[in-house]
Structure formats: C-alpha cells, structure tokens
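Here are a few exercises on a ligand and the protein around it. Have a go at each one before you read its solution.

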Amino acid sequence: MTPPANPATRFDAPATGAVPARISGGFLDSPALGRVLAVLTGAGHQALVVGGAVRNALLGEPVADIDIATSAPPDETMRLATAAGLRAVPTGIDHGTITVVAEGAGYEVTTFRRDVETDGRRASVAFSDNIAEDARRRDFTMNALYADASGRVLDPVGGLPDLAARRLRFVGDARERITEDYLRILRFYRFLAWYGRGADLQALAACAELRHGLAQISRERIGHEMRKLLAAPDPAQAVALMAEAGVLSLVLPGADPGDLPELIEAERDFGTGALPVWPRRLALLAAHDAAGALRLSRDEAREQHQIALALDLSGPAAAYRFGRITAAQSVLIRAARGIAPPFGWCHALARGAAAQLPIAARDLPELAGPALGQALKRAETAFVDSDFCLNAQDLRQIALRAQGHPDIHDDA
Ligand code: ATP
Ligand code: MG
C-alpha cells in the first residue's frame, strides 16, 4: 500500500518501509485467544484484537496486553463466554468491558462504542455494532487497527499507511479530538516518542494551543502517561517538543529537558542493565515537585529524592548510602552532565553498596549523647572518603580525635 502524501512533519526521518497488512504468529497462535474470539464469532458477532497489540505486531515490537473489540453487547459477551465454560468478569461493564478468562489468561473484551457526550475528561458512550464508529473514537490512526483470528488487519481510518510512515495522526481533526479528552495531548507525545518519526505540524499546534485543558485532567492519569512516555527508548525529541509547546512546564513545573539527549547517549555508552527506565529520566528533568505533579507512590517519590541526593555524591558513596540501583541511576545522570564515570564504576558501586561501617556506638564507650552521634558521623564520612578502606581501629581514632579526647595522642 502506498502511503498518502506526507503531511507537513516536524522532523523528517525517512519512512522505514511498508508494514504488512496482516499479522501472523505471536499472540495469534495462542489457543486461549482463539477460543475467546471463536466464542463470539461463532454466534455471528465480530470479535477482533485491537489497538496496541495489532500496532506492535505489525511493527515487530513486543506486545504487552491484548484487547478485544466486539460487536456483541456486553451482556451477550457474558452469556456466550459463560455458556462456553469460560469465566467472564464484568470488570468495566459501564464502559462495555468484560474480562474473559481462558486457560488462565484474561482478555478484556469491549463492545464497540461511540461517544455520545464528552467534556474534555471523560466520555459517555453508547454501544455500537459498527467497527467504523468504534475506530472514530480512538485517538490515533495507528491505534485504530483491528485484526481477526486469521491475522487479517481491518483498517477503518487509514492507520496502515500512517504506521508504515511512522506518522502519528489523530483520527479526524486534532483540535476536536483533544477537546474531547485533553489527556490525548500527552498521549500524542507518548506515542510520538515510542512509534513516531514525524510529528504532524497541525497536531503539534493543536497540542500547544489547547494545553491549558490539561488542568482538567487528574494527576493520576497524567502520571500514568508521563511514566510511559519517559520509558520510551528515546523520548528526547518528544520531550523537547513538549517543552517547546509549553506542555512540559504545565505538567512538570520546573522540568529542564536540556540534558535528556545526553542521558540517552550515556545510557547507550555505559549500559543500563535492568535499571528502571523512567525514574532516571524523570530525575534528570529535576522538576520542582515531580512526586506531587505525577502523584508518585511513596516508594517512587523516595526514589526520586534519593537519586537527587546521590547526584551530589561520588558513585561509591551514593551506593553506600542508597544502594547500587539508585547510585547507578545517579552515575548515568552525572555522565549526562559531563561527569564521566571512572573505569570499573560498576564494581566500585557494588563495593560501596556492600560496605559496612566497621565501628558502632559500643566501640566508643567514652562518648554519649550528641557527641557520640557526631563522632560516628565523622567516622562514617572518613570511612566513605577512604573508599571503605579504614578499619575499626583507624575509625575509632578518628572519632575520638575529632572530639579532642585526652586519651588519644595525635601522632599526625
Ligand atoms: P501500550 O502498548 O502502551 O499499552 P496501547 O495502544 O495499548 O499502548 P492503551 O493506553 O493501553 O494504549 O490504550 C488501548 C487503546 O485504547 C489505544 O490503542 C486506543 O485505541 C484506545 N485509547 C486509549 N485511551 C484513549 C483515549 N484517551 N482516547 C482515545 N482512544 C484511547
Ligand atoms: Mg495497552
């Protein structure tokens, strides 16, 4: 299929060639999925895999979860699944979603829908038996692709050529679609980061113009999208466009994306192993209150705080205080800011994380109260500064000398 003339795009990377018009293998080979689809199609309904699973299968990217869209009304889906001996749980019945469990795997089956009313945050929907209506309420053309059990792809809104060109395009008019649900502004940058090569200028302008509508969106939903956006292999361009449009400062006040390209480079140069991805990128942005802005969990917020503190320490000192993972995240951010980690830094972090202060309160019976606390603190600082080489005896001397204790003769 030949892509239509490329609309104006912001960064012009070449298209990577056509994507096939059908998918094969992968999740389609799952007998459980086949069973769920067959239960519905056997009764004369349409039942199709939709959205991210189809998009990613066509791109050859990993597929996370499989969503099914059907022309069957929700109660009919419940009835047919139960009659076929499958468990059916009405997990989102108001939106038409039934989770059907087959062979231990749960599939979200959602009846085709059309929007009846939207207010910028949520839509009231009506069920439909029309795939074209269902496609029109989805956000981007590359997210409105459907596949049947044989792998044949149905493309009601022209998503295939866009996907082939990696062109992220709203279904219909960008401004209209954004005012229906302002979260789509962030979803635009998220999918641009993951799958886009060109940013539609009209869409970019619409995101900038309508950005203040994001104030209506809950921080939980914003946080969800931002985590996913920052987890993209290389979100630097998308985040730079967000900053340029004034979107970034609205969702993450104080965020500075200047060093993000350098962080991505440092990740490639030094490797990231199994380190969590988005927390590092978020910490680099150094927003005023990322935890509040994105409604981070308590653990996530602590991690952000510790990475920020670790940035002022050497890698091994950070590993000693906060553990190897937080230290490694800070080492990568420091590398992005021009402080290259020394050779063998991974081992150095492991050593720092494993180090144990070889002195404790019971080794300083001469001291008590705040004096004891200060002496131990100084001993600990000396221990970290010595690259964890000082032994208990050295540290005892340092602790007591610092107190000016009369029993200690300063030979130095
Ligand atoms: P991922 O692999 O990251 O989960 P996805 O495409 O599955 O990507 P989801 O956020 O899980 O993304 O949404 C599933 C599908 O539902 C999308 O592909 C899209 O068709 C539709 N969708 C989700 N949120 C919206 C929205 N706010 N507006 C319109 N359509 C949406
Ligand atoms: Mg999904």
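**Exercise 1.** Sort the shell around ligand 1 by residue class.

*Solution.* Keep in mind that this is a predicted model. Start with the charged residues: there are 9 in the shell. Next come 3 polar residues, and then 1 nonpolar residue. Together, 13 residues surround ligand 1, with R55, N143, R184, R187 and R190 the closest.

**Exercise 2.** Find out which helix gives the most to this shell.

*Solution.* First look for helices that supply at least two residues each: α2 (52-59) and α7 (183-195) both do. Then pick the top one: α7 gives the most, with 4 residues.

**Exercise 3.** Work out where ligand 1 lies relative to domain 1 and domain 2.

*Solution.* Domain 1 covers 1-165 and domain 2 covers 182-251. Both give residues to the shell, so ligand 1 lies between them. The space it takes up is the largest pocket.

**Exercise 4.** Track down polar contacts to oxygen atoms of ligand 1, counting N or O pairs within 3.5 Å.

*Solution.* Try side chains first: an N or O atom of R187 is 2.9 Å from a ligand oxygen, and a polar atom of R138 is 3.0 Å from one. Now check the backbone: an N or O atom of G52 lies 3.4 Å from a ligand oxygen. Finally, look at cover: on its own, ligand 1 has 590 Å² of accessible area, and the protein covers 78% of that.

Technical notes:
Residues numbered from 1 in each chain as written. Chains lettered and ligands numbered in written order. Predicted model: local features only at pLDDT ≥ 70, side-chain atom pairs only at ≥ 80, totals over all residues. Heavy atoms only, no water. Near = heavy atom within 4 Å. Polar contact = N/O pair within 3.5 Å; in protein donor to acceptor, adjacent residues only side chain to side chain. Areas by Shrake-Rupley, 256 points an atom, 1.4 Å probe, with all protein chains shown as cover. 1 Å grid on protein atoms, 1.4 Å probe; cavity = no way out; pocket = protein on both sides within 12 Å on 5 of 7 lines; lining within 4 Å. Sits in = over half its atoms within 2 Å of the grid points. Nonpolar A, V, L, I, M, F, W, Y, C, P; charged D, E, K, R; others polar. Domains from an automatic or database assignment.
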